[in-house]
Amino acid sequence: MKIAHNLYKSQKLIRINLEYNERENTINQIRISGDFFFYPEEALETLEADLIGRKLERDTLKQEIEKSLGKTEVYGFDSASLTEAILGCKT
Amino acid sequence: MGKIRFSKIRTLETGYNDAALNMAIDEVMIENVQETPVLRIYGWSPVAVSIGYFQSMKEEVDLDKCNQIGVDVVRRLTGGGAVLHESELTYSFITKEYPRNIMESYAWICEAVVMSLHRMGFDARFVPLNDIVIAAKKVSGNAQTRRNGILLQHGTLLLGVDVAKMFSVLRVPSEKLRDKIIKDAKERVTSLTGTTFDELSLSLKTSFAIKFDANLVADNMSTEEINRARWLAEQKYRSKEWNFRR
């Protein structure tokens, strides 16, 4: 298990706090924070929950995030930038 | 954008309160608003930092510094960034009827704010999503939440600005870049110098009345509203569970 952080500048600033399984390359826990707007607000927690167990791979993450963002309105980042913010934890 | 009119707007001037009570009063207004929307005007005492709903208190705010200099902290119900509430007027507009499109609804309410600044001689304009600027410098930040079919938008109007103090209580992404960040912020932020809270309050109320073709009904919070707000301030907005949830 490894803990990593990343600060990613999209239209707004995204902070990622990630706990992941290095061997399996999967997400154990994730917290996404920042000065963005996300409607409805509670849907961010749903997105974080949906990412648990997912592979830290660009296509997998982007697909999962797109699915979640489809039900929300977000100002400050998009699926591509959030994907990069998460993957940036590993670099 | 469809033309929405209100016959009345309930106006509340709730004075200067601490951060927790200020956010609690906003939440009570969401709970209680009926067909008549509410325009609330208020200030902050002591000086406070509010953080956005999705921000991390520990990562955004220097809590030791806040303790040292007596700056209050609170998490808002709305998204967006951290704000130092010192020399400013804050307003909230709470309504059941509003444009469902988020961008439209920001423009819809911010137009009334811009009108109030024009009346006072400031060449202000709305910049989507949520800013109001004068000569390309931000003078007002605004944020919304929608709960149970109710829209709340609150926003700040800077009467003065102390960028150095702001960054003394806010953490910056890179300490190495602190000086540059402060310099950049000074170039990007302005204030309504020479304007008083009361003048701005009056102009704001007038603009909301004109914008929405509404009569203003000056009111006070009811005893029930005050008690509920005090309870929410204690139980929610002063709690670690709320303020440190991210």
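How many residues do chain B and chain A each bring to the contact? In this predicted model, 15 residues of chain B and 14 residues of chain A take part in the contact. Sorted by class, the side of chain B that touches chain A is made up of five nonpolar, seven polar and three charged residues.

Within chain B, helix H8 spans residues 223–237, and its 15 residues reach 20 Å from the first C-alpha to the last, close to the 21 Å expected at 1.5 Å a residue. The buried residues of H8(B) are B:Ala229, B:Leu232, B:Ala233 and B:Tyr237. These residues lie on the same side of H8(B), because the arc that they cover around the axis is only 105°. An α-helix has 3.6 residues a turn, so residues three or four places apart point the same way. The buried residues of H8(B) pack against three elements of chain B, namely helix H1 (19–32), strand S4 (72–75) and helix H9 (240–243), whereas the face of H8(B) turned away from the buried side carries the exposed residues B:Thr223, B:Glu224, B:Asn227 and B:Trp231.

In chain A, A:Ile14 belongs to strand S2, which comprises residues 13–21. A:Ile14 counts as buried because 24 C-beta neighbours lie inside 10 Å, where 20 or more are required. When residues up to four places away in sequence are left out, A:Ile14 touches A:Tyr8, A:Ile32, A:Gly34, A:Phe36, A:Phe77, A:Leu82 and A:Ala85. The C-alpha atoms of A:Ile14 and A:Phe38 are 12 Å apart in space, with a separation of 24 residues in sequence.

Technical notes
Residues are numbered from 1 along each chain as its sequence is written. Chains are lettered from A and ligands numbered from 1 in the order in which they are written. This is a predicted model: local features need pLDDT of at least 70, side-chain atom pairs count only at pLDDT 80 or more; totals for chains, interfaces and linings use all residues. Helices (H or I, at least four residues) and strands (E, at least two) are DSSP runs, numbered from the N terminus. The expected span of a helix is 1.5 Å times one less than its number of residues. A residue is buried if 20 or more other C-beta atoms lie within 10 Å of its own, exposed if 12 or fewer, and partly exposed in between; C-beta atoms are placed from the backbone. The arc is that of the directions from the helix axis to the C-beta atoms. Two residues are in contact if their C-beta atoms, placed from the backbone, lie within 7 Å. Ala, Val, Leu, Ile, Met, Phe, Trp, Tyr, Cys and Pro count as nonpolar, Asp, Glu, Lys and Arg as charged, and the others, Gly among them, as polar.
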